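Please look at the sequence and the three-dimensional model shown here before reading on. The report that follows goes from the whole chain to its sheets, its cores and a few single residues.

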Amino acid sequence: MKRIGTVVCIFLGAALVGMHVGCGGGGPSSEATGSLGLTVVFPSATDAPTPQLLPKATESVLVTIGPSGGLAGAVTMPGWQQRVLLQKPPGGGSVSGTVGNIPAGWVSVLAEAFPNQQGTGDVIAWAQTKVEVPAGGTATAHLVTEALTTAVELNVSEIALEPEQFDAFIATAKDADGGLVIGADFIWDSNDPAVATVAALSPLATVTAVGDGTCTVTATETITGKSAGCLVTVESRAVVTVEVIPPELTLYLFDVPSELLVSAMAFDESRAPIPYAEFAWDSDESAVATVDPGGLVQAVGQGLCLITATGSTAAGSAKGTCAVTVR
């Protein structure tokens, strides 16, 4: 899910360069030992971006060697460790180092690229492998780096919706050079599902407005935890008028129709319909006709009555009526 980089470390016989950091006494003691030679090619500031190079922002590469099976992502390996920090020279180019006193057999190798000379902070690219160290010899291996996400971008930073509206969001992962990280995976989240929900198919997501208010929808890249958010504002329009359809009707006690389903539409001040308005129904004379929550009017006794529909949103409400005659 990361941009494939080049061979970061070529394990060849070479002169010792860089900082050698030992863990647990500076490395294991063993009668059968060998060496690892390291070479890192740092790109220059003028190199064109290419999958064959480390990120141009790389200033150092920290190589950690430990027991085989100790690698599980960019985490500290258990047991003995030996480390070499190879720093980028002015203008870029190759830097080499050799690590000796490595136990013969299979070892794990982790290379981490950093945007500073100290080899600290966020890892911007990494690689891992296992290599067999021969007793009394020097091992050769190749590591292919993967550029990690250093920033996440969304196609929108803020958006205003009305209830039931939805929009598509796209998350993009960028590496330290601003290049696209292909195949990045994201976790999407809304910090207030009562305002807006998010349904994701990484790196895409659909955000649906639920109720008035504000919330933040966030996309978090799964490997590095880098994230970006969008402010979502949901605001309803006020209901100004309500129309009941039909505006009048006749029912019959002993004939048809004895009941009829009516409907209502809500409008704002510009006469634009409000599809998300909710309606409450009421009869002013239940001895003549009743109405259920869905708008079904039923004849009860002869006479006249008004069926009222109250349309409302969080911003305001209005009423509309239907005149009912029961014969």
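## The chain as a whole

Of the 327 residues of the protein chain, 42% count as buried, where buried means under 20% relative accessible area, exposed means over 50%, and partly exposed lies in between, with a 1.4 Å probe and protein chains only. This is a predicted model, in which local features need pLDDT of at least 70 and side-chain atom pairs count only at pLDDT 80 or more, while totals for chains, interfaces and linings use all residues. Residues are numbered from 1 along each chain as its sequence is written, and side-chain values use heavy atoms, with hydrogens and water left out.

The protein chain has zero helices and 27 strands; both kinds of element are DSSP runs numbered from the N terminus, helices being H or I with at least four residues and strands being E with at least two. The chain exposes about 15400 Å², and carbon and sulfur atoms supply 54% of that area, as computed by the Shrake-Rupley method with a 1.4 Å probe, where for residues only the protein chains shown count as cover. Among contacts (heavy atoms within 4.5 Å) between residues at least 6 apart in sequence, 64% join residues at least 24 apart.

## Strands and their partners

Strands of a sheet pair through backbone hydrogen bonds, either parallel or antiparallel. In this report two strands pair if DSSP finds at least two bridges between them. Three strands form an open sheet in the order β21-β25-β24, and their pairing is antiparallel. Strands β21 (259-261) and β24 (289-291) stand at the edges with a single partner strand each, so one side of each is left without a neighbour in the sheet. From one strand to the next the twist averages 15°, an angle that runs from 0 to 180 degrees between the N-to-C directions of axes, which are lines fitted to C-alpha atoms (for helices over the stretch in contact).

Further pairings can be set side by side with the one between β21 and β25, together with a pair of facing residues for each.

| Strands | Bridges and direction | Facing residues |
|---|---|---|
| β21 and β25 (residues 296-299) | three, antiparallel | L261 and L296 |
| β11 (residues 151-154) and β13 (residues 166-174) | four, antiparallel | L154 and A171 |
| β13 and β16 (residues 204-209) | five, antiparallel | F169 and A205 |

Strand β13 thus has β11 as a partner and also β16.

## Nonpolar cores

A nonpolar core is a set of buried Ala, Val, Leu, Ile, Met, Phe, Trp, Tyr and Cys residues joined through side-chain atoms within 4.5 Å. The largest such core has 25 residues, and those with the most contacts inside it are L36, V61, V63, I65, I102, V107 and V109. Two or more residues of this core come from each of the elements β3 (33-42), β4 (60-67), β5 (81-87), β6 (93-103), β7 (105-114) and β8 (125-133). Another core, of 24 residues, lies apart from it and includes I274, C305, I307 and A318.

Is L143 buried or exposed? L143, which has its place in strand β10 (residues 142-147), is buried, with a relative accessible area of 1%. In sequence L143 and A111 are 32 residues apart, whereas in space they are 8.0 Å apart, C-alpha to C-alpha.

## Backbone details and cysteines

The peptide bond from I245 to P246 is cis, with omega near 0°, and P246 is found in the loop between β19 (241-245) and β20 (248-251). Another cis peptide bond joins V256 and P257, with omega about 0°, and P257 is found in the loop between β20 and β21.

N101, in strand β6, has a phi near 60°, a positive value in a residue other than glycine, and N101 counts as partly exposed because its relative accessibility is 35%. E164, in the loop between β12 (158-161) and β13, has a positive phi of about 75° although it is not a glycine; at 53% relative accessibility, E164 counts as exposed.

A search of the whole structure finds zero disulfides, a disulfide being a pair of cysteine sulfur atoms within 2.5 Å. For C215, the nearest cysteine sulfur is that of C230, 8.5 Å away. C215 is buried at a relative accessible area of 2%, and C230 is buried at 0%.
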